Amino acid sequence: MSVVGNGEVDFIPDYLMEVSSPHYSTTVAREWFDLEDTNHDGYVSRDELIKIAENIGMSREEAEQTADGYYMIVDDGDQKLDWKVKATLKYKA
């Protein structure tokens, strides 16, 4: 994590490094899931992903495209994912 010039925390470099690492595990994936679940309801919603993307400087359109391309593609239609679904995505135990 790093702090950018305006005082905001930029965790994207850490996130990108971790998810592309061959050592990326379900434990690390769960830590990121918990960060993405900003309202702590046990789900990561499309809106939460959009808000995170906007907070790191993406336009609304870019944020929506990122959220839709991120892992909402496995969504069952309710526009939110629980840990059980996210844990099935390409992680090693």
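Here is a short chat between a colleague and a modeller about the salt bridges and helices of this predicted model.

Colleague: Before we start, what pLDDT do local features need here?
Modeller: Residues are numbered from 1 along each chain as its sequence is written, and side-chain values use heavy atoms, with hydrogens and water left out. This is a predicted model, where totals for chains, interfaces and linings use all residues, side-chain atom pairs count only at pLDDT 80 or more, and local features need pLDDT of at least 70.

Colleague: In what order do the elements of the protein run?
Modeller: Let's get the terms straight: helices (H or I, at least four residues) and strands (E, at least two) are DSSP runs, numbered from the N terminus. The protein has five helices and four strands. Starting at the N terminus, the order is β-β-α-α-β-α-α-β-α.

Colleague: How many salt bridges are there?
Modeller: The rule is that a side-chain nitrogen of Lys or Arg sits within 4 Å of a carboxyl oxygen of Asp or Glu. Counting that way, the number of salt bridges is four.

Colleague: Which residue meets aspartate 34 in a salt bridge?
Modeller: Look in helix H2 (residues 26-36), where the partner lies four residues from aspartate 34, about one turn of the helix. The N to O distance in this salt bridge is 3.0 Å, and the partner is arginine 30.

Colleague: Is arginine 30 buried, exposed or partly exposed?
Modeller: Buried means under 20% relative accessible area, exposed over 50%, and partly exposed in between (1.4 Å probe, protein chains only). Arginine 30 has a relative accessible area of 33%, so the label is partly exposed.

Colleague: What separates the C-alpha atoms of arginine 30 and alanine 87?
Modeller: Along the chain, these two are 57 residues apart. In the model, their C-alpha atoms are separated by 7.7 Å.

Colleague: Which residue forms a salt bridge with arginine 46?
Modeller: The closest N and O atoms of this pair are 2.7 Å apart. Arginine 46 lies in helix H3 (residues 46-55) and its partner in helix H4 (residues 60-70), so the pair ties together parts that are 22 residues apart in sequence. Arginine 46 is buried at 16% relative accessible area, while the partner is partly exposed at 36%. That partner is aspartate 68.

Colleague: Which residues are joined into one network by salt bridges that share partners?
Modeller: Start with arginine 60 and glutamate 64, whose side chains meet in a salt bridge (3.0 Å, N to O). They are four residues apart in helix H4, so about one helical turn separates them. Through shared partners, the network joins Glu54, Arg60 and Glu64.

Colleague: Are H3 and H4 parallel, perpendicular or oblique to each other?
Modeller: Axes are lines fitted to C-alpha atoms, for helices over the stretch in contact, and angles run from 0 to 180 degrees between N-to-C directions. H3 and H4 pack at about 130 degrees, with axes 8 Å apart. Angles under 35 degrees count as roughly parallel, over 145 as roughly antiparallel, 65 to 115 as roughly perpendicular and the rest as oblique. H3 and H4 are therefore oblique.

Colleague: Which residues in H4 meet those in H3?
Modeller: Contact means heavy atoms within 4.5 Å. On the H3 side we have Arg46, Leu49, Ile50, Ala53 and Glu54. Across from them in H4 are Arg60, Ala63, Glu64, Ala67, Asp68 and Tyr70.
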